[in-house]
Amino acid sequence: MKKQVFNPYMPSWEYVPDGEPHVFGDRVYVYGSHDLFDGAVFCLGDYICYSAPVTDLSDWRYEGVIYRKDQDPSQNGRAVLYAPDVTQGPDGRYYIYYAMDKFSFVSVAVCDTPAGKYEFYGYVHYKDGTRLGEREGDMPQFDPAVLTENGKVYLYTGFCGNHMHDRIGAMATVLDSSDMLTIVEEPVVIAPGDDYSSGEVKVTTGCKYKLDSVENWTAYKNHEFFEAPSIRKVGDTYYFVFSSAVMHELCYATSKNPTSGFEYKGVIVSNCDIGISTYKPADMAAAYGANNHGGFEIINGEYYMFYHRHTNGNWFSRQGCAEKIKILPDGTIPQVEITSCGLNGGPLKAEGEYGAYIACHLFNTDKPGKYMEEACTKITQDGVDGDENPGYIVNIYGNTNIGFKYFDFKNVKKLTITTRAYFYGYYEVRTEWDGPVLGTIKTDLSNFWDEYSGEVNIPDGVHALYLRFVGSGNGQLKSIRFN
C-alpha cells in the first residue's frame with residue numbers, strides 16, 4: 001500500500017453511511033446514502049461515490065455527485081434519498097436502486113459507468129404497471145439490495161420497526177433482467193420482523209405475499225429483521241445481511257436459494273462492539289452506537305465488511321467504516337471487532353501523528369451507554385461539509401475512555417497529545433481499557449490547541465492504545481503523536 005488507511009476510510013468531513021461495496025473491473029466502489037455534518041435528519045445529501053484500486057485500499061478517490069435527489073420525477077422537493085444499491089445488468093450498464101422517504105416504491109437510475117452521472121430510468125413494477133409497494137396488500141419498499149445473475153434480478157427490501165405488526169419481514173422479489181424493472185416472481189417474505197419470530201405467524205395485515213421458511217424464524221429471536229438488506233453470493237451460498245431489531249448490529253442468514261430457505265447464522269459486526277467478549281464483557285458497549293447498515297465484498301482476495309459509525313451526538317451524521325472478516329470453511333462468519341485500522345490490512349504504525357477522530361472506542365466507565373446522545377463523548381468537527389478540517393473528540397469528562405485499535409509499537413517512550421478547553425487533570429495511558437497504567441499525560445486549561453507530553457512504558461508489539469481522563473471539567477482531544 002502506498003500509505004496507511006484507517007476508520008473512517010473517507011475524509012473525516014465526509015458522511016457516507018449505508019455503504020455497499022462492489023468491485024467493478026479493477027476498482028472497488030462504495031455506494032451509500034449521504035448524511036450531512038450536524039444534519040437534522042438522515043440522508044440530506046445527493047448520492048456521491050468513492051472508489052479505490054483493489055490493490056491499494058488506502059488510495060480512495062472522490063468520484064463526485066453521481067445522482068441528485070431532484071432527478072426523480074416523483075420528487076416533491078421534500079423527499080431525501082435513502083440507502084441505495086448498485087448492480088451491473090446483462091447489457092453492461094450499471095443500475096442504482098433506491099427508495100425515498102415518505103414513498104413506498106423503488107426507483108431505478110442507470111449509467112454506462114460505475115460512478116458516472118446516473119439518469120432516472122424507471123420504477124420497479126408488476127406486469128400491469130402497478131409500482132411495487134403500491135398494490136393493495138403490498139408492504140412499503142425500503143433499503144433495496146440487488147443481485148443480478150442467470151438472467152434474473154433479485155431485489156431485497158423491507159423495514160420492520162419495533163412492533164410494527166403490519167410489517168411482516170424482509171422481502172425478496174425477482175425482476176426480469178431484460179428491463180431490470182418488471183416483476184416476474186412476486187415478493188416472498190424471507191426473514192421475520194420482531195412480531196413474527198415466534199413461529200406462529202398470524203397475518204392480519206391483508207398482505208398477499210408468500211411467507212417462506214416460517215419454521216426457521218424462531219432462530220431469529222432477539223435478532224429479527226429491522227432494515228438494511230444486503231445480498232452477496234459466495235460459492236453456491238447466498239448471504240442475506242441485515243440490521244436487526246436492536247439496530248447496532250449487522251446480522252446474516254444463508255441459503256442455497258436466493259428467495260427461500262434463509263437460516264439465521266449470527267452477527268457480523270456491531271458498531272458498539274456488543275457481543276464481543278475478547279477484551280470486555282459481551283454486553284458492554286465500547287462506543288456510542290445506533291442504527292447500522294452495510295455489506296461485504298471480496299477485494300483482492302480478502303473479505304471486508306462495510307458498516308457505519310455515529311458522530312456529533314446525533315443519529316444523522318454517520319461515517320463509513322470497514323473491517324476485514326473471515327468466511328470459515330463451514331460458511332459461517334465470526335463477529336469481528338470494530339477497529340481504527342480497518343482496511344489497513346494490519347495494525348497502524350506507532351509513528352508520527354494521528355487525528356483523534358480515528359478512535360474506535362469512546363465510553364465512560366461511570367456512565368456506560370449504548371446509543372448516541374448529545375451529551376456523550378463524541379467526534380465532531382469545525383466548519384461545514386467539505387471543509388478540510390480534521391475531526392476531533394469533545395465532551396471528555398472524568399473516566400472517559402478513548403481507545404484506538406491497533407498500533408504496532410516499536411521503542412515508543414513518549415506520547416504527545418493535543419488538547420484544549422476547560423479541564424484539569426491527566427490521561428492515564430494503557431494498552432487495555434482496564435489494564436495497568438503505563439504512563440500519564442498531564443493537561444491544563446487551554447483556550448487554544450496545546451500539546452502535552454508524557455513518558456510511557458509500552459512494550460514492543462501490536463497493542464491497543466487507551467487514554468482515560470482523570471480529573472474535572474469538559475475537555476477536547478485533537479490528536480495523538482508517538483515519539
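A residue counts as buried under 20% relative accessible area, as exposed over 50%, and as partly exposed in between. The exercises below apply this and related criteria to a predicted model.

**Exercise 1.** Determine whether arginine 93 is buried, partly exposed or exposed, and describe its surroundings.

*Solution.*
Step 1. Locate the residue: arginine 93 sits in the loop between strand 5 (85–88) and strand 6 (94–98).
Step 2. Apply the cut-offs: the relative accessible area of arginine 93 is 28%, so the residue is partly exposed.
Step 3. List the contacts: setting aside residues up to four places away in sequence, arginine 93 touches Thr87, Gln88, Val110, Cys111, Asp112 and Tyr121.
Step 4. Relate sequence to space: asparagine 399 is 306 residues from arginine 93 along the chain, and the two C-alpha atoms are separated by 53 Å.

**Exercise 2.** Carry out the corresponding analysis for isoleucine 480: which class of accessibility does it have, and which residues does it contact?

*Solution.*
Step 1. Isoleucine 480 belongs to strand 30, which covers residues 461–482.
Step 2. With a relative accessible area of 0%, isoleucine 480 is buried, because buried means under 20%.
Step 3. Beyond its neighbours within four places in sequence, isoleucine 480 is in contact with Gly352, Glu353, Tyr354, Phe404, Phe407, Thr416, Ile417, Leu465 and Leu467.
Step 4. Between the C-alpha atoms of isoleucine 480 and phenylalanine 225 the separation is 40 Å, and these residues are 255 apart along the chain.

**Exercise 3.** Establish what the radius of gyration of the chain is and how it relates to the value for a compact globule.

*Solution.*
Step 1. Take the reference value: for 483 residues, a compact globule would have a radius of gyration near 23 Å.
Step 2. Compare: the chain has 23 Å, which agrees with that reference.
Step 3. Add the extents: along the principal axes, the C-alpha trace spans about 70 × 45 × 40 Å.
Step 4. Consider burial and surface: buried residues make up 62% of the chain, while the accessible surface comes to about 18000 Å², with 49% of it belonging to carbon and sulfur atoms.
Step 5. Characterise the fold: the secondary structure comprises zero helices and 30 strands. Of the contacts between residues at least 6 apart in sequence, 60% join residues at least 24 apart.

**Exercise 4.** Identify the enclosed space in the structure: how many cavities of 30 Å³ or more are found, and which residues lie closest to the centre of the largest?

*Solution.*
Step 1. The principle of the search is that rolling a probe the size of a water molecule over the atoms shows where empty space is left.
Step 2. Searching the whole structure gives one cavity of 30 Å³ or more. The largest cavity holds about 220 Å³ of space.
Step 3. This cavity is lined by 21 residues, of which Ala287, Arg309, His310, Ala359 and Cys360 are the closest to its centre.
Step 4. Two or more lining residues come from each of strand 19 (302–310), strand 23 (361–364) and strand 24 (378–380). Strand 19 contributes the most, with three residues.
Step 5. By class, the cavity lining consists of 11 nonpolar, eight polar and two charged residues.

**Exercise 5.** Describe the largest pocket: what is its volume, and which strand gives the most to its lining?

*Solution.*
Step 1. The volume of the largest pocket is about 300 Å³.
Step 2. Among its 17 lining residues, the closest to the centre are His22, Leu147, Arg232, Lys233 and Glu297.
Step 3. At least two lining residues each are supplied by strand 1 (20–24), strand 5, strand 9 (145–149), strand 14 (225–234) and strand 18 (296–299). Strand 14 gives the most, namely four residues.
Step 4. The pocket lining contains 10 nonpolar, four polar and three charged residues.

**Exercise 6.** Examine the backbone: where are the cis peptide bonds from asparagine 7 and lysine 405, and what is phi at aspartate 143 and aspartate 273?

*Solution.*
Step 1. Recall the usual pattern: most residues other than glycine have a negative phi, and most peptide bonds are trans.
Step 2. The bond from asparagine 7 to proline 8 is cis, with omega near -5°; proline 8 lies in the segment before strand 1.
Step 3. The bond from lysine 405 to tyrosine 406 is also cis, with omega near -10°, and tyrosine 406 is in strand 26 (residues 400–409).
Step 4. Aspartate 143 has a positive phi, near 50°. Its place is the loop between strand 8 (119–123) and strand 9, and at 4% relative accessibility aspartate 143 counts as buried.
Step 5. Aspartate 273 has a positive phi near 65°. This residue lies in the loop between strand 17 (263–270) and strand 18, and aspartate 273 counts as buried at 0% relative accessibility.

Notes: Residues numbered from 1 in each chain as written. Predicted model: local features only at pLDDT ≥ 70, side-chain atom pairs only at ≥ 80, totals over all residues. Heavy atoms only, no water. 1 Å grid on protein atoms, 1.4 Å probe; cavity = no way out; pocket = protein on both sides within 12 Å on 5 of 7 lines; lining within 4 Å. Points joined across faces, edges and corners; volume = space filled by probe spheres on them. Nonpolar A, V, L, I, M, F, W, Y, C, P; charged D, E, K, R; others polar. Rg over C-alpha atoms; globule rule 2.2 N^0.38 Å. Buried < 20%, exposed > 50% of the residue type's maximum accessible area, 1.4 Å probe, protein only. Contact = heavy atoms within 4.5 Å. Areas by Shrake-Rupley, 256 points an atom, 1.4 Å probe, with all protein chains shown as cover.
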